[in-house]
Amino acid sequence: MTRHYNFCAGPAAMPEAVLERARDEMLDYRGHGLSVMEMSHRSPEYVAIAEQAEADLRELLAIPDNYRVLFTQGGATLQFSAVPYNLLGRGGRANFLHTGIWSKKAIAEARHLAGDVHVAASSEESGHSAVPRQKDIVLSEDAAYLHYTANETIGGLEFDYIPEARRPDGSEVPLVCDMSSSILSGPLDVSRFGVIYAGAQKNIGPAGLVVVIVREDLLDRARDDMPSLLGYRELAEAGSMINTPATYSWYLAGLVFDWLKGEIGGLDAMNALNDRKAGKLYDAIDASALYANPITLRNRSRMNVPFVLADPSLDKAFLAEAEATGLLNLKGHRSVGGMRASLYNAVPEAAVDALIAFMADFEKRRG
Ligand code: PMP
């Protein structure tokens, strides 16, 4: 068996230790005589797994007691609709920061549901190469919340600060964040947010699961015409078990949380490792004549590093040779082309070292 280095943007690399543990527990989960994926979600064994996962996530992110954690489905994409359904019931307008493809999709979904939305700031003019600064963010008088995308997975653009969400009259509104591709990459002050959501398939676990962290006082702002499965209150009251949850993904997410706590040593340690991994790849790109990344230094994503080759006719050879070297999924998103190396938590530093060595060798031979 050979495991290659996987730089996929999602579904992404899983920690090898987690896969090994899942393998060991696959046929007979801790003496219960069945696999986790065969368990009733209402069984005491499974409820214990689910509760432990939540407890570990709460510990990792130091989630305050007045927040509920939901383990739901439909991808981050369904949250683009769930957020306006849950937060616009008392009127007001959805406000957005537009920083790239994922925030644009969130804006489009909110428009479907709520009609008019307000874009409080956009980085479109800069080609999404730098996030808006706080002083450039202007909410509408009737803002109900401000939504932003902490890390634009395709553009490789990451916020270097948590925005303040205040209407022009100074009153604060809930801050909502799509944290799909950066959650758990380092410590976080959850108390700054009204809602955080993240699709699991990058830093949390396998696809099929979405984690939502919602402040309790926001549970009574929902529209009354929405599907109950989207309702934060309904999900919270049912322990995320209105219907059958994504039991196996939830279990694997729990193993990832346990790995982060134990093997990695928590989110401060993860943060330092992520700084080191991304730092050395950006250094290599900046030092080369063949590779380039267009993002303003302070907004360069630590999780997704897009880069282009000075001569795009070399793209195909680059990808083919990388793959033959065991470096997988380096092709940029189909909408932007070029390359992208995703360096999520589970991508080991050795993978980054191998990529940098390959890039230097390729440049020497072909550049
Ligand atoms: N938001 C961001 C920032 C993403 O990276 C993605 C997926 N790549 C999504 C939303 C959509 O997630 P899903 O496929 O889980 O709906």
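This is a short chat about the domains, the core and the ligand shell of a predicted model.

User: Hi! What should I know about the model and its numbering?
Analyst: It is a predicted model, where local features need pLDDT of at least 70, side-chain atom pairs count only at pLDDT 80 or more, and totals for chains, interfaces and linings use all residues. Residues are numbered from 1 along each chain as its sequence is written.

User: Great. Which domains does the domain assignment give?
Analyst: Domain 1 (17–262) and domain 2 (266–366), with bounds from an automatic or database domain assignment. Their C-alpha centres lie 27 Å apart. The contact (C-beta atoms, placed from the backbone, within 7 Å) takes 23 residues from domain 1 and 24 residues from domain 2.

User: And why does the largest nonpolar core lie between the domains?
Analyst: Both domain 1 and domain 2 give residues to this core, so it lies between them. Such a core is a set of buried Ala, Val, Leu, Ile, Met, Phe, Trp, Tyr and Cys residues joined through C-beta atoms within 7 Å; buried means 20 or more other C-beta atoms within 10 Å of a residue's own, placed from the backbone.

User: Which of its 105 residues touch the most other members?
Analyst: Those are Leu146, Ala198 and Val211. Leaving aside neighbours within four places in sequence, Val211 is in contact with residues including Val69, Phe71 and Tyr197.

User: Switching topic, which helix gives the most to the shell around the ligand?
Analyst: Helix H3 (residues 75–87), with three residues; helices are DSSP runs of H or I, at least four residues, numbered from the N terminus. Among the residues around the ligand (C-beta atom, placed from the backbone, within 6 Å) are Trp102, Asp178 and Ser180.

Definitions and conventions. A residue is buried if 20 or more other C-beta atoms lie within 10 Å of its own, exposed if 12 or fewer, and partly exposed in between; C-beta atoms are placed from the backbone. Two residues are in contact if their C-beta atoms, placed from the backbone, lie within 7 Å. Helices (H or I, at least four residues) and strands (E, at least two) are DSSP runs, numbered from the N terminus.
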